[in-house]
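Here are some exercises to work through with the sequence and the 3D view side by side. Try each task on your own, then follow the solution step by step.

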Amino acid sequence: MKKAIYPGTFDPVTVGHLDIMKRACTMFDEITIAVAKNASKKPMFNLEQRIAMVKTATKQFPKINVVGFEGLLVDLSEKLNANIIIRGLRAVSDFEYELQMGYANSSLKKELETVFLMPSLEYGFVSSSVVRSILPFNGKVDHLLPASILKMIEEYQK
Ligand code: PNS
């Protein structure tokens, strides 16, 4: 049984995240999407809203379950008994941050392995921060977000 954790802030979940999740489903038996509270990042959407959006976007994937977490990822990995961390890697600009986080996590727990997955090229520019920069101006985001969460985003912005 190969278990993996895909952690992130998912503020909000994008088509890029969903692409990574689909790829992970071909490689692992069970994937826990771990939505970080990450209060220090002052997310646009609260934890409950972010969890609800990830749950809605992934409901067609039986291998995926969604949890919220606060604190260290290594502690969650202990709790879930899962030592594989999935992260998406788009461009060189992601690399330094991801490498530092991967090494930091393995310095805390040596069994932890970080697996980097590339999204499809068409999603190379997609990020939650791009979405957040468009949303306040009512710009077009339907090509950046899973179709199933568009209504939720509208509702949460009211
Ligand atoms: O989507 P993000 O914001 O790039 O995700 C970052 C996340 C949630 C993976 C990262 O902030 C995290 O793992 N937070 C938990 C705290 C932790 O374990 N820190 C030590 C490793 S840097």
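**Exercise 1: Residues with positive phi**

Asn38 is partly exposed, with a relative accessible area of 30% (buried means under 20% relative accessible area, exposed over 50%, and partly exposed in between, with a 1.4 Å probe and protein chains only). Before going on, note that this is a predicted model, in which local features need pLDDT of at least 70, side-chain atom pairs count only at pLDDT 80 or more, and totals for chains, interfaces and linings use all residues. Residues are numbered from 1 along each chain as its sequence is written, and side-chain values use heavy atoms, with hydrogens and water left out.

Task: Find where Asn38 sits, and work out what phi Asn38 has.

Solution:
- Step 1. Look in the loop between strand 2 and helix 2, where Asn38 has its place. Helices (H or I, at least four residues) and strands (E, at least two) are DSSP runs, numbered from the N terminus.
- Step 2. Read the backbone: phi of Asn38 is positive, about 40 degrees, although this residue is not a glycine.
- Step 3. Now turn to Lys42, which belongs to the loop between strand 2 and helix 2. Lys42 also has a positive phi, near 45 degrees, and is a residue other than glycine.
- Step 4. Check the surface: Lys42 is exposed, with a relative accessible area of 71%.

**Exercise 2: A cis peptide bond**

Task: Which two residues does a cis peptide bond join?

Solution:
- Step 1. Go to the loop between strand 1 (3–8) and helix 1 (15–25), the place of Pro12.
- Step 2. Inspect the bond joining Asp11 and Pro12: the peptide is cis, with omega about 0 degrees.

**Exercise 3: Two helices that pack**

Task: Describe how helix 2 (residues 47–57) and helix 6 (residues 150–157) pack.

Solution:
- Step 1. Recall what is needed: two packed helices are described by the angle between their axes and the distance between the axes.
- Step 2. Take the values: helix 2 and helix 6 pack at an angle of about 165 degrees, and their axes are 10 Å apart. Axes are lines fitted to C-alpha atoms, for helices over the stretch in contact, and angles run from 0 to 180 degrees between N-to-C directions.
- Step 3. Name the arrangement: that angle makes helix 2 roughly antiparallel to helix 6 (angles under 35 degrees count as roughly parallel, over 145 as roughly antiparallel, 65 to 115 as roughly perpendicular and the rest as oblique).
- Step 4. List the partners: Gln49, Ala52, Met53 and Thr56 of helix 2 meet Met152, Ile153 and Tyr156 of helix 6.
- Step 5. Sort the residues of this contact: five are nonpolar, two are polar and none is charged. Here Ala, Val, Leu, Ile, Met, Phe, Trp, Tyr, Cys and Pro count as nonpolar, Asp, Glu, Lys and Arg as charged, and the others, Gly among them, as polar.

**Exercise 4: Aromatic pairs**

Task: How many aromatic pairs are there, if rings of Phe, Tyr and Trp (its six-membered ring) pair when their centres lie within 6.5 Å, and planes under 30 degrees apart count as stacked, over 60 as edge-to-face and the rest as tilted?

Solution:
- Step 1. Count by this rule: there are two aromatic pairs.
- Step 2. Start with Tyr6 and Phe10: their ring centres are 5.3 Å apart and their planes stand at 90 degrees, so this pair is edge-to-face.
- Step 3. Check accessibility: Tyr6 is buried at 5%, and Phe10 is buried at 2%.
- Step 4. Go on to Phe45 and Tyr156: their ring centres are 6.3 Å apart with planes at 55 degrees, so this pair is tilted.
- Step 5. Place the pair: Phe45 lies in the loop between strand 2 (30–36) and helix 2, and Tyr156 in helix 6, so the pair ties together parts that are 111 residues apart in sequence.
- Step 6. Check accessibility again: Phe45 is buried at 2%, whereas Tyr156 is partly exposed at 25%.

**Exercise 5: The surroundings of Ile153**

Task: Is Ile153 buried or exposed, and which residues is Ile153 in contact with, leaving aside its neighbours within four places in sequence?

Solution:
- Step 1. Locate Ile153 in helix 6.
- Step 2. Read the relative accessible area: at 3%, Ile153 is buried.
- Step 3. List the contacts (heavy atoms within 4.5 Å): leaving aside neighbours within four places in sequence, these are Pro12, Phe45, Met53, Leu135 and Leu145.
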